[in-house]
Amino acid sequence: MVKSMTGYGRAEETVNGCTITVELRSVNNRYLDCNVRIPRLYLFSEDAIKTRVQSTISRGKVDVFVTMDSTGADDIQVSVNRPLAAQYAAALRELAEFCGAGSYHITPETLSRFPEVLLAQKAEEDVEQMAKDICAVLDRALADFDQMRTREGGRLREDILARAALIEEKVGVVEARSPQTVSEYRTRLESRMNEVLSNTQLDPARILTEAAIFADKVAVDEETVRLRSHIEQLREMLDKGGAIGRKLDFLIQEFNREANTIGSKCSDIDIARQVVDIKAEIEKIREQVQNIE
């Protein structure tokens, strides 16, 4: 099935006294770009999270937000970074002496404000099991995320198919009108040559030759056949589903190429109008394809 690159998913579960919440959000991107935001104490699980996301999502800019809320603080150990605190204290004494404040008294509160002086660390725990717990919640969030992408992908598919059917209808009008342009050209050519030559008898073979040359120049049979083939290929790809966004993007470029060629060959006003409509629908399909994984 077709999936959109835009989606949102969320899951929450309490495991071993810790509430794990995982949220995913994605937007369009040419390739997969996964960013994980997780508390520093749990960075050991970042690679496992990215691996799990990459196995599910092929394309898009994906942000994964993981929050951990422990019901108790028994598993957190706070320690003093003594060497660093001593260096900060020495630097403060030197600064006080330089400023002429020899009686300056360094307090614990002052030192605690400096980064890395107080270290909060989790007590010994099974990091492998914790990573598995986080990934288990991630799987639920990915399932929710995937459902939203699938729903949106279904809407994109229906819209693209409707526009493809409209293009096919316009192509039929072009195919029906194209032979008439040659016949009308032959009539105009004969009339003009009669005006110029008045009493001179025209050679029918000459008129047929000129009409044949014109017909060869303005014939769009090959282009319309290829355009119909592209439409059929588009339907097959949408029915097959999967990560087809890039392939569809290339296919729409071929749509444009055939439409432009038809427009450049035909000077007929009615055909020109159909080509404008065809190109407008192709552009709308191209915009929708940019949202498909």
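Two strands pair if DSSP finds at least two bridges between them. Strands (E, at least two residues) and helices (H or I, at least four) are DSSP runs, numbered from the N terminus. On those terms, four strands form an open sheet of mixed pairing. This is a predicted model: local features need pLDDT of at least 70, side-chain atom pairs count only at pLDDT 80 or more, and totals for chains, interfaces and linings use all residues. Residues are numbered from 1 along each chain as its sequence is written, and side-chain values use heavy atoms, leaving out hydrogens and water.

**The sheet**
- The strand order is β1-β2-β4-β3.
- β1 (7-15) and β3 (32-37) are the edges; each has a single partner strand, so one side of each lacks a neighbour in the sheet.
- From one strand to the next, the twist averages 15°.
- β2 (residues 18-27) pairs with β4 (residues 60-70) in the antiparallel sense, over ten bridges.
- V27 is opposite K61 in β4.

**A helix across the sheet**
- Helix α1 (residues 46-54) lies across β2, β3 and β4 (contact means heavy atoms within 4.5 Å) and runs at about 145° to β3.
- Angles run from 0 to 180 degrees between N-to-C directions, and axes are lines fitted to C-alpha atoms, for helices over the stretch in contact.

**The α6/α7 pair**
- Helices α6 (residues 221-240) and α7 (residues 245-265) pack at about 160°, their axes 10 Å apart.
- That makes α6 roughly antiparallel to α7 (an angle over 145 degrees).
- Among the residues that meet are L227, I231 and L234 in α6 and L248, L251 and F255 in α7.

Methods:
Parallel < 35°, antiparallel > 145°, perpendicular 65-115°, else oblique.
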